[in-house]
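Here are my notes for someone opening this model for the first time. Have a look at the ligand site before anything else.

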Amino acid sequence: MVKQYNITLEDVPKRWYNILPDLPEPLPPHTDPETGESRLAQLPKYILGECLKQEFSEDRWIDIPEGVQDLYAQAGRPRPLFRAKLLEEKLKTPARLYYKSEFYSPTGSHKVNTALAQAYYAKKEGYERLTTETGAGQWGTALSYAAALADIECTVYWVRAVYKWKMERLNFMKLYGSTVHASPSPMTKSGKELYDQDNDHPGSLGIAISEGVEHAIEDDGAIYCLGSVLNHVLTHQTIIGLETQKQFELADDYPDMMISCLGGGSNFGGFTIPFLGEVCRGEKDIKFLAAQSEVAPNLTGEYRYDFGDHAGLTPMLKMYTVGHQASMAPIKGDGLRYHGAAPILSLLRHHGLIDTVAYPQDEKHVFERAQMFIRTEGFLPAPESAYSVCAAIDEALKCKETGEEKCIAFNISGHGFMDMHGYTEVLER
Ligand SMILES: *Cc1c(COP(=O)(O)O)cnc(C)c1O
């Protein structure tokens, strides 16, 4: 039994897939709120020209620049697709389980796939600095890494509640040469307002986004980079699913069900969108399941226009949202704490193509499932990825009851080497 399916470096896809032309209806455009100045008019002040072009592109395929292809190779792509044979045996399930290994990443997550592209475009467009926010710290590290390779500066606004306990990740970002501020910070107007009320304010992803955006608007040499939610980010991430499609050809198999964790939607989208495209075009029949937390179950929220950030600096996006100022309890899978789901995925959910499961704030069940995976397959998933693993195991156990020989593919968006204390705290409680 072959355990690993991989393609050669030459076979790594050279184009990203843009699902916009294949969606069941046109994507509702990003818009402006009814009052206040135009957020859309501000976009070019903080989003890269190339990324803005891609955001609204109707081209089904977007060429990956040769420079970015080289960076993908440098970052270790392609990443193998594994058959989880040992886990299947342990579970005694008739289901066939496969997982994609985005944990083989220099910084620990799939986020390098878009970070490398954005830093590359930023350098080409003549910017000297990148600004961004980070929640769990994975995106901040990925962009710091990409900025270092592009030889460009990087400032990261990091949600204080997480900044305070992830010392290794802070040092990792600094090692790449980034400047890191706990958010809300006194460095920006939107941060200072909250910081002055409480200089130990725990912050949120939405607040940190406001700070990163404001910094980029105020500073001409700087451009803001977003690590999830927007169309172009999901498009860059399709490298994951496009590789996976080729790997399933090698495996002579095809998924009946695809699973991944979903915060803003970039790893879920990257993994599934090439397959969702096939379903939209009527070529395939696949179920899609997003694993979420009950503290941020955005896919079960309302489908409506909402801001992408806390302060309302961004345009309004039509998406499933729990509200841009919703407060969310802290969890170890911090990357899943975001109020909205990417517009592309929201539209597809609206059309009934994406199901969701949300796990309780107490992450014991999720981490116990991840522990089963660690003890059989040996890899340590990031706390966020543990939700994907958990949902896959739960589905595989359902198959055991029904006897269904389903093919289940799940994505492991990152590794948990820097999150050990999160696991031990929950599992040893
Ligand atoms: C950021 C992150 C997530 C959640 O973000 P998405 O945009 O929903 O993918 C999940 N897993 C890992 C490892 C992450 O770094």
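1. Start with S228: an N or O atom in its side chain is 2.5 Å from an oxygen atom of the ligand. That is a polar contact, meaning a pair of N or O atoms within 3.5 Å. The protein covers 97% of the 380 Å² of accessible area that the ligand has on its own (Shrake-Rupley method, 1.4 Å probe).

2. Two other side chains also reach the ligand with an N or O atom. For S413 the partner is a ligand nitrogen, at 2.7 Å, and for H110 it is a ligand oxygen, at 3.4 Å.

3. A word on how to read this: the model is predicted, local features need pLDDT of at least 70, side-chain atom pairs count only at pLDDT 80 or more, and totals for chains, interfaces and linings use all residues. Residues are numbered from 1 along each chain as its sequence is written, and side-chain values use heavy atoms, with hydrogens and water left out.

4. Around the ligand there are 17 residues, and K111, S228, G263, S266 and S413 come nearest (a residue is near if one of its heavy atoms lies within 4 Å). The shell splits into 12 polar, 3 nonpolar and 2 charged residues, with Gly counted as polar.

5. Now zoom out. The chain has 16 helices and 15 strands (DSSP runs of at least four residues for helices, H or I, and at least two for strands, E). Its C-alpha trace spans about 60 × 50 × 40 Å along the principal axes.

Definitions and conventions
A polar contact is a pair of N or O atoms within 3.5 Å; within protein, one must be able to donate a hydrogen and the other to accept it, and residues adjacent in sequence count only if both atoms are side-chain atoms.
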